[in-house]
Amino acid sequence: KKDEKAKVANPQDASIDAATQIMIKRAQDLGIDTCFDRNVTLKPCSIGNQGTCCKNCSMGPCRLPLPKDYDEANDTRKGICGATANTIAARNFIRMVAGGAAAHSDHGRSVAEVFLSAARKETDAYQIKDVRKLLEIAPFLGVATTVEKDGAVLDRDIDEIAVEVGEKAMEEWGKAEGELEYLKRAPKPRYELWKKQGVLPRNIDREIVEIMHRTHMGVDQDYKNLMKQGVRASIADGWGGSMLATDLQDILFGTPYPLASEANLGVLKEDHVNIVIHGHEPVLSEMIVTTAQKPEMVAYAKSKGAKGIQLSGICCTANEILQRHGVPLCGTFLQQELAIITGAVDAMVVDIQCIFQNVANVAKCFHTKLITTHPIAKMEQDNAIHIEFDEHHAVEDAEKIVRMAIDNFANRGAEVMIPRQKSPIIAGFGVESVEYHLGGTFRGSYYTLNDNIINGRIRGVAGVVGCNNARVKHNEGHITVVKELIKNDVLVLTTGCNAIACAMEGLLTPESAKVFCGPGLAEVCETVGIPPVLHLGSCVDNSRILLAATEVVKAGGLGNDISDLPVAGSAPEWMSEKAISIGQYVVASGIYTVFGAVFPTAGAPVFQRYLFEEMEKMYGGMWDFEADPVKHAWKMINHIDAKRKALGIDQ
Ligand code: SF4
Ligand code: MSK
């Protein structure tokens, strides 16, 4: 319960989404505080958000705010040890990269462990589902798919390949020598550029650990050298941990193909047992999807007075089970408390990342069971029930959770109030389906992506991704940026909470092309029947965007490297360290990337200029910041136009 004297948010100022506004008001009426209200009472530290507060040793925190009369030539700011604002901001920035890369990559490691268990047949719960993808990635990990016998080339046993792929994948986190195997999936000039810049990651864990070492008090004190390591660790995320997570999940659970579903809080059903799955790792949620569909479970729910079981998701676990099973999206990151406040959620099952600790407090106000499932992510509140998920007892664990939710259906006390808002969506795109839907290849026909970029029907491609941030109006940045892009014929690839925001807004349907797109993009979308905004999955699936860009380069006609393409990246409402790691590997891959909300280096203009200008000279991609979403989109469009001009396709 909230402090009754505390100020509250105006729901209309807090979100552009009607369902969210309704539920913020309901929370306030019930006296339950949410992130929207806490945002009003808790103001951010103005030095911390400039990136120039250092607390890396106990002589600090040393706080170096940007003076009002800042004069770059005479900037004498320094910490007790002498660290400059540039050093402090760079250390803080790459620590964010380390946090983000660690989160994505540890997620990838967990999947790799389950993959290896499945390949070794140590568990019955998981099997290799997508053999085609297994055979596709095996060579990238140095695993042979054929064997020579008596002069003949024979196919290798699939189980044998799977075990070797699992073992090779696991080595990527900690091998003693060499470099990440997947780096050579990038276009050759990109790989050579990374080599020249000395940023080829050696293994995933080492690059993250080295950031923690270099940023320890008194080690690396050159912002350029610090950033070199930040770049290297981010590449280990995008082209390492995240890419392995995506591939191994696709092999285990199936590569996504387009399917229909719905999005927003209105997907909850009053007469069903509602189980909301929240977090990032699909290893458990896959099991819950299978379990909740079992006839005996549905019958059990009916025996308790419900009409059935309604699964839905929040954050990237939602995107994972949406793209493979069509499970509806309940909401974005900022709607997690609101889902419980409907009074209709019988269980919220959480795993890792982006989970508000306050969901346990909100759950206490209702009958909702809040179930934590991951050994590294528990909660101190006494109502949080910990059911530790283990792939060796996956079916039993999932059944226990689903039964607990069903048993809880009868305990609904408060009045249920589910907003009616929900939107139809088509999700589940990937490199394979983009290629399939746009002519079966990337180049050579009226339908293909490269040809449509060259002939100008598609002006360019934007990856718009990332979180919500309670400091800015919920979904306003996401939706304004995306609508401005598609209105100007830029095809949007989306993941994470931007994908959920676009889903809620009705932008993930082929029909939306006619309403929101410029004529060229509308023509392409209507001809091939795709939405103008393609949902490519979860945060780790930003690796799909890297691979799609690589395929476009390889198909030809648009330059030799990713940095030649008329493409741009964006995270209009980012908040997590993962977003910084993603942004950095996208920049290092050669893509101009604009962030909204705030930028965490504003207190160190020299260092910020290094990110915003110098990086382009080194990597062909750079950072930028723009809080105004229309200007934000136009920075991207102008960049796309400049690239078109450089390619000679600007007619
Ligand atoms: Fe201050 Fe230097 Fe210690 Fe940071 S490392 S807290 S700048 S003395
Ligand atoms: S869930 S990292 S709030 S996108 Fe991946 Fe959303 Fe950002 Fe979490």
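Select glycine 238 first: this residue is found in helix α9. Helices here are DSSP runs of H or I with at least four residues, strands are E runs of at least two, and both are numbered from the N terminus. The model is predicted, so local features need pLDDT of at least 70 and side-chain atom pairs count only at pLDDT 80 or more, while totals for chains, interfaces and linings use all residues. Residues are numbered from 1 along each chain as its sequence is written, chains are lettered from A and ligands numbered from 1 in the order in which they are written, and side-chain values use heavy atoms, with hydrogens and water left out.

**Helix α9**

Stay on glycine 238. Its relative accessibility is 0%, so it counts as buried. Buried means under 20% relative accessible area, exposed means over 50%, and partly exposed lies in between (1.4 Å probe, protein chains only). Show what surrounds glycine 238: leaving out residues up to four places away in sequence, it touches Met243, Ser543, Leu546 and Tyr585. Contact means heavy atoms within 4.5 Å. Now draw a distance to proline 44. Glycine 238 and proline 44 are 30 Å apart, C-alpha to C-alpha, and 194 residues apart in sequence.

Next, select serine 234, also found in helix α9. Serine 234 counts as buried, at 0% relative accessibility. Its contacts, not counting residues up to four places away in sequence, are Val97, Ser581, Gln584 and Tyr585. Tyr585 thus appears beside serine 234 and beside glycine 238.

**An aromatic pair and its cluster**

Select tyrosine 223 and tyrosine 610. The structure holds 16 aromatic pairs. In these two tyrosines the ring centres are 5.5 Å apart and the planes stand at 80°, so the pair is edge-to-face. The pair joins distant parts of the chain: tyrosine 223 is in helix α9 (residues 223–253), tyrosine 610 is in helix α24 (residues 605–619), and 387 residues separate them. Rings of Phe, Tyr and Trp (its six-membered ring) pair if their centres lie within 6.5 Å; planes under 30 degrees apart count as stacked, over 60 as edge-to-face and the rest as tilted. Both tyrosine 223 and tyrosine 610 are buried.

Widen the selection. Ring pairs link Tyr223 and Tyr610 into a cluster with Phe93, Trp574, Phe595, Phe599, Phe607, Phe612, Trp623 and Phe625.

**After α9**

Move to threonine 255, in the loop between α9 and β5 (259–263). At 10% relative accessibility, threonine 255 counts as buried. Threonine 255 touches Asp130, Arg132, Lys133, Asp250 and Glu432, with residues up to four places away in sequence left out. Add valine 431: its C-alpha is 9.9 Å from that of threonine 255, across 176 residues of sequence.

**Backbone stops**

Most residues other than glycine have a negative phi, and most peptide bonds are trans. The next three stops depart from that pattern.

- Select glycine 60 and proline 61. The peptide bond between them is cis, with omega near 0°. Proline 61 sits in the loop between β1 (53–54) and β2 (62–63).
- Select aspartate 150. Though not a glycine, it has a positive phi of about 50°. Aspartate 150 is in the loop between β3 (146–149) and β4 (152–155). It counts as exposed, at 79% relative accessibility.
- Select glutamine 353. Its phi is positive, about 70°, although it is not a glycine. Glutamine 353 lies in the loop between β9 (345–350) and α14 (358–364). Its relative accessible area is 18%, and it is buried.

**Helix α20**

Go to serine 512, in helix α20 (residues 512–516). Serine 512 counts as buried, at 3% relative accessibility. Outside its neighbours within four places in sequence, serine 512 is in contact with Gly506, Leu507, Cys517 and Pro532.

**Zoom out**

Show the whole chain. The protein chain has 25 helices and 18 strands. Its C-alpha trace spans about 75 × 65 × 55 Å along the principal axes. The radius of gyration is 24 Å, which agrees with the value near 26 Å for a compact globule of 651 residues. That radius is taken over C-alpha atoms, and the globule rule is 2.2 Å times the number of residues to the power 0.38.

Colour by burial. Buried residues make up 62% of the 651 residues. Then turn to contacts: of those between residues at least 6 apart in sequence, 74% join residues at least 24 apart.
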